[in-house]
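Let's walk through this structure together, beginning with one side-chain contact and widening the view from there. Please keep the sequence and the model side by side as you read.

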Amino acid sequence: MSRVGNSIIEIPSGLTLDMSPSGLVTVKGPKGELTQQIDPDFKMNIEDGSMQLVRPTEQKRHKALHGLYRSLINNMVVGVTEGYKIELELVGVGYRVANTGNMLELTLGYSHPIYFVVPAEVKVTSAMEKGKAPAIILESNDKQLIGQVAAKIRAFRKVEPYKGKGVRFKGEVVRKKAGKTAG
């Protein structure tokens with residue numbers, strides 16, 4: 001029994017949730033529209049502002065996909081109503097960030113600046129405040145896309161374990177290793 005798959009998704013007012021016979025789920029809300037292809041065997045029961053995903057059989061394949069599809073639909077519902085926000089911070093001497101539109105210019109200690117074009121669906125802002133680490137703020141209604149963009153930015157300079165320098169998520173705890181001991 002899938003506990004995630006059987007749980008109910010609350011549908012707020014002003015949100016439309018449709019599923020075509022081919023299995024394309026469309027969610028429209030105040031922050032945009034998202035679509036996701038799921039197995040057409042699954043059915044959606046929508047009644048009084050809530051939705052439950054029903055699997056057709058007890059096959060292992062259907063059981064495996066039940067919770068996944070429910071989570072994907074829930075992420076779309078949350079995305080078009082509230083949206084998602086990820087904050088990254090650059091920790092290191094001389095690390096800087098600037099953006100013009102959706103183009104990020106990162107200075108991360110290499111011999112050259114890194115230019116990264118953020119997809120149009122993701123809104124990006126950068127903050128350089130005195131006394132604080134430079135920050136990148138990503139906002140979008142698509143959880144999967146915003147997570148992928150954040151992971152790509154983080155991969156430009158991963159946090160190293162000795163000094164803790166690099167691009168990290170805001171509030172991320174980095175376990176530092178002890179360096180060499182003088183012998």
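Start at R55, whose side chain is joined to that of E58 by a polar contact of 3.2 Å. A polar contact here is a pair of N or O atoms within 3.5 Å; within protein, one must be able to donate a hydrogen and the other to accept it, and residues adjacent in sequence count only if both atoms are side-chain atoms. The side chain of R55 also makes a polar contact with that of H66, at 2.8 Å. You will find R55 in the loop between β6 and α2 (60–81). Helices (H or I, at least four residues) and strands (E, at least two) are DSSP runs, numbered from the N terminus. With a relative accessible area of 14%, R55 is buried; the term buried means under 20% relative accessible area, exposed means over 50%, and partly exposed lies in between (1.4 Å probe, protein chains only).

A word on what you are looking at: this is a predicted model, in which local features need pLDDT of at least 70 and side-chain atom pairs count only at pLDDT 80 or more, while totals for chains, interfaces and linings use all residues. Residues are numbered from 1 along each chain as its sequence is written, and side-chain values use heavy atoms, with hydrogens and water left out.

Now step into helix α2, where H62 sits. H62 counts as buried, at 3% relative accessibility. Its side chain has a polar contact of 3.5 Å with that of D41 and another of 3.1 Å with that of R61. Leaving aside residues up to four places away in sequence, H62 touches D39, D41, F42, R55, P56 and T57, where contact means heavy atoms within 4.5 Å. R55, our starting point, is thus one of the residues that H62 touches.

For a change of surroundings, look at D48, in the loop between β5 (43–47) and β6 (50–54). Is D48 buried or exposed? At 79% relative accessibility, D48 counts as exposed. Its backbone deserves a glance too: D48 is not a glycine, yet its phi is positive, at about 35 degrees. Most residues other than glycine have a negative phi.

E82 lies in the loop between α2 and β7 (84–91), and it also counts as exposed, at 58% relative accessibility. The C-alpha atoms of E82 and G179 are 44 Å apart, with their positions 97 residues apart along the chain. In the segment after β13 (166–169) you will meet K177. The C-alpha atoms of K177 and K163, 14 residues apart along the chain, are separated by 8.4 Å. K177 touches P161 and Y162, again not counting residues up to four places away in sequence.

Finally, zoom out. The protein chain has 3 helices and 13 strands. Its radius of gyration is 21 Å, well over the 16 Å that the globule rule gives for 183 residues, so the chain is more spread out than a compact globule. This radius is taken over C-alpha atoms, and the globule rule is 2.2 Å times the number of residues to the power 0.38. Along its principal axes, the C-alpha trace spans about 65 × 45 × 25 Å. Buried residues make up 34% of the 183 residues. Of the contacts with a separation of 6 or more, 50% come from residues 24 or more positions apart.
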